[in-house]
There are 2 protein chains.
Amino acid sequence: MKIICSKSELLKGVNTVLKAVPSKTTMPILECILIDTTEDDIKLTANDMELGIETRIKGDILDKGKIALEARLFSEIIRKLPDSEVTIQTDEQCRALIKCEKARFNIAGKSGEDFAYLPEIERHKNIAISQFSLKEIIRQTIFSIADNETNKLMTGELFEIDQNELKVVSLDGHRISIRKIELKESYDHIKVVVPGKTLSEVSKILSGGIDDEVSIYFTDRHILFEFDETMVVSRLIEGEYFRIEQMLSTDYETKMTINKKELQDCIERASLLVKEGDKKPIIINILDDYMELKINSYIGSMNEDISIEKTGKDLMIGFNPRFILDALRVIDDETIDIYLVNPKAPCFIRDEENHYVYLILPVNFNPGV
Amino acid sequence: MKIICSKSELLKGVNTVLKAVPSKTTMPILECILIDTTEDDIKLTANDMELGIETRIKGDILDKGKIALEARLFSEIIRKLPDSEVTIQTDEQCRALIKCEKARFNIAGKSGEDFAYLPEIERHKNIAISQFSLKEIIRQTIFSIADNETNKLMTGELFEIDQNELKVVSLDGHRISIRKIELKESYDHIKVVVPGKTLSEVSKILSGGIDDEVSIYFTDRHILFEFDETMVVSRLIEGEYFRIEQMLSTDYETKMTINKKELQDCIERASLLVKEGDKKPIIINILDDYMELKINSYIGSMNEDISIEKTGKDLMIGFNPRFILDALRVIDDETIDIYLVNPKAPCFIRDEENHYVYLILPVNFNPGV
């Protein structure tokens, strides 16, 4: 194989597929990037068997062929080359010569034949969405997936399409995040659970333009994201996702409207008094036109008043400060509405159009504190 | 004690003295910042017994007194407060109330009486130098101090003043870095060894302006840096510094002039083939109008030619790439001169005015490679 392409084009491609290279594996071939030019395109591929990414880059093919190169080393070499044309040439022993201006690297590769190709995905069911929207939806829900594998379904996110609405849900047993978005067209009903890792890697590669589209294809076992010159294929998580409808009551006893940044800054200050692993709740005392936020830990105590608009009853309730903060950090609205029922029932942060709903369970506290 | 000062002024002061708070200590009082208002100024002090920093901040003293507050917590609280006036008020149980707008923190402090004050330094011998110059000199030498305590003197830097010249030297057994700078006035002879940690912390606090001065005072056991509203006192390292003069030959067999950035980029590329702890040298082959740089490790091989201007003999010599890179990264000149004798003798990178000299020992290599 012999190809010539610009350093910048090569680096862009390598950085894209690098997201699917596992950091630890017992199979050295998975740590490689495949360069395949057998089909008139220069294709770069990485595949950790759960998640696979393939991208096409511009360049000249002087001699067809393919080779697998150790991904970290290859990407570091490309990154450090001068900003010029790069030639990659391989021999029959799978050795690669990488030339750029006067620099010449010789590194050992592996046969491209040993590389596991991405699964073929039948392109039947698909939806189209802007890259910007997909990136936003992921950012606004990914934080509440579970980070351990005890319940596999909790490590993924529900993607459900109903007519022209895409609903994305994540939950970890303490909270639920829901984002809904209107699609330009109507589609058949689809309901799948996508691994959280896949979504966070996809979101890193998406350029995020409002006018740039991404096509998402669904099969029984896989999801395929297609955008720009790139294809991301991932396995789905199998099983029936949690029924969340019954938890989403719209009744409430107390509603407060509050400046988001003021509340966020205040909880961030309060969090200074909670060490990692410590389960100290913040206590919110909702009164007529202000709420009082209190925390009392072995480090010290803190309290602060914030102005609110309130309808309904007064209420005192405790929360894990991190759970509230996670939701506040991804909401872009200047003021938010918080709906509550009683100190034992979940609170809801949601907008009027129901574009987002964040449900957070309260924690018990000693009201005498 | 009761004081009022702006959040920004308080934060600046806290960040300055925080550099002298040890990250680990068995004495909790050393993890504190002392706020002392007994002398009509608001003084913040931190002191790890080797290095002490004291700074004055603007503000109103409503009630004189002093208190020691846990440094990390106090600095985090101040950082997270709204950008407004901060009131700090203490009671007789050494509890502190920190108020800012509607936020109120209560934290436990320690008696200011338990705090170890900075040693009194007699202000006899001193020099004046611009903050910019001192910061530059430290940056350009600090990388070649030894990072372990086997030889205490190697963990510091020699500061030697001879007439109107300040010479700063660091060495770690493999290399020597020397920076000389002309002072505005002439001073008595001074020769001390300053701990590397002190210098790197001082360099972080210095604003670095060319017109901002720093006064440096010397005693037998201490060095004192005085600038802006801040005083840094550090113990000196005791003992006789290494005699380096006999190693600094100006004879050479080969001199090459080379573009610094080209050489640096090339060695950075070559370093990709050397893993941490691996002792593979880069081999430099100096020929008539170019040098060839080669490396050959178990990861792969690399070679590259760079144009040079040469006088003297051809030469092949091996180096630890990191040692050359460390020196190149701190030199600001576009082209540099490298002086060599033979493959066993140190090489010198130095400018014509002798403002800087970097001596680097070569490593043995197998010329057949």
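Begin by selecting Ile4 of chain A, which stands opposite Thr87(A) in strand S7(A). The model on screen is predicted, so that local features need pLDDT of at least 70 and side-chain atom pairs count only at pLDDT 80 or more, whereas totals for chains, interfaces and linings use all residues. Residues are numbered from 1 along each chain as its sequence is written, chains are lettered from A and ligands numbered from 1 in the order in which they are written, and side-chain values use heavy atoms, with hydrogens and water left out.

**First stop: a hairpin in chain A**

Widen the selection to strand S1 (residues 2-6) and strand S7 (residues 85-90) of chain A, which run antiparallel and are joined by five bridges. Strands here are DSSP runs (E, at least two residues), as are helices (H or I, at least four), numbered from the N terminus, and two strands pair if DSSP finds at least two bridges between them. Next add strand S8 (residues 95-100) of chain A, which pairs with S7(A) in the antiparallel sense over five bridges; here Gln89(A) has Leu97(A) as its bridge partner. S7(A) and S8(A) form a hairpin with four residues between them, and in its turn Cys94(A) has a positive phi of about 60 degrees. Most residues other than glycine have a negative phi.

In chain B, select Cys94(B), whose phi is near 60 degrees, a positive value in a residue other than glycine, and which is placed in the loop between strand S7 (85-90) and strand S8 (95-100) of chain B.

**Second stop: where the chains meet**

Now show both chains: 26 residues of chain A are in contact (heavy atoms within 4.5 Å) with 26 residues of chain B. The area buried between them is about 2,300 Å², of which carbon and sulfur atoms give 56%, buried area being the accessible area (1.4 Å probe) that two parts lose on being put together, summed over both.

Select strand S20 (300-307) of chain A, one of the elements that supply at least two residues to the side touching chain B; S20(A) gives the most to that side, with eight residues. S20(A) also pairs in the antiparallel sense with strand S9 (residues 103-108) of chain B over five bridges, where Ser301(A) has Asn106(B) as its bridge partner.

Which side chains meet in a salt bridge at 3.6 Å, N to O? Select Lys80(B) and Glu268(A) to see this pair; a salt bridge is a side-chain nitrogen of Lys or Arg within 4 Å of a carboxyl oxygen of Asp or Glu, and the rule finds two across this interface.

**Third stop: a sheet in chain B**

Finally, turn to chain B, where seven strands form an open sheet in the order S12-S13-S25-S24-S23-S17-S21 with antiparallel pairing. The edge strands, each pairing on one side only, are S12 (156-171) and S21 (309-312) of chain B. Within the sheet, select S23 (residues 335-340) and S24 (residues 347-350) of chain B, which pair in the antiparallel sense over two bridges, and find Ile338(B), whose bridge partner in S24(B) is Ile349(B).

Then add helix H5 (residues 260-271) of chain B, which packs on the sheet, touching S17 (254-259) and S23 of chain B, and whose direction makes about 90 degrees with that of S17(B). Such angles run from 0 to 180 degrees between N-to-C directions, the axes being lines fitted to C-alpha atoms, for helices over the stretch in contact.
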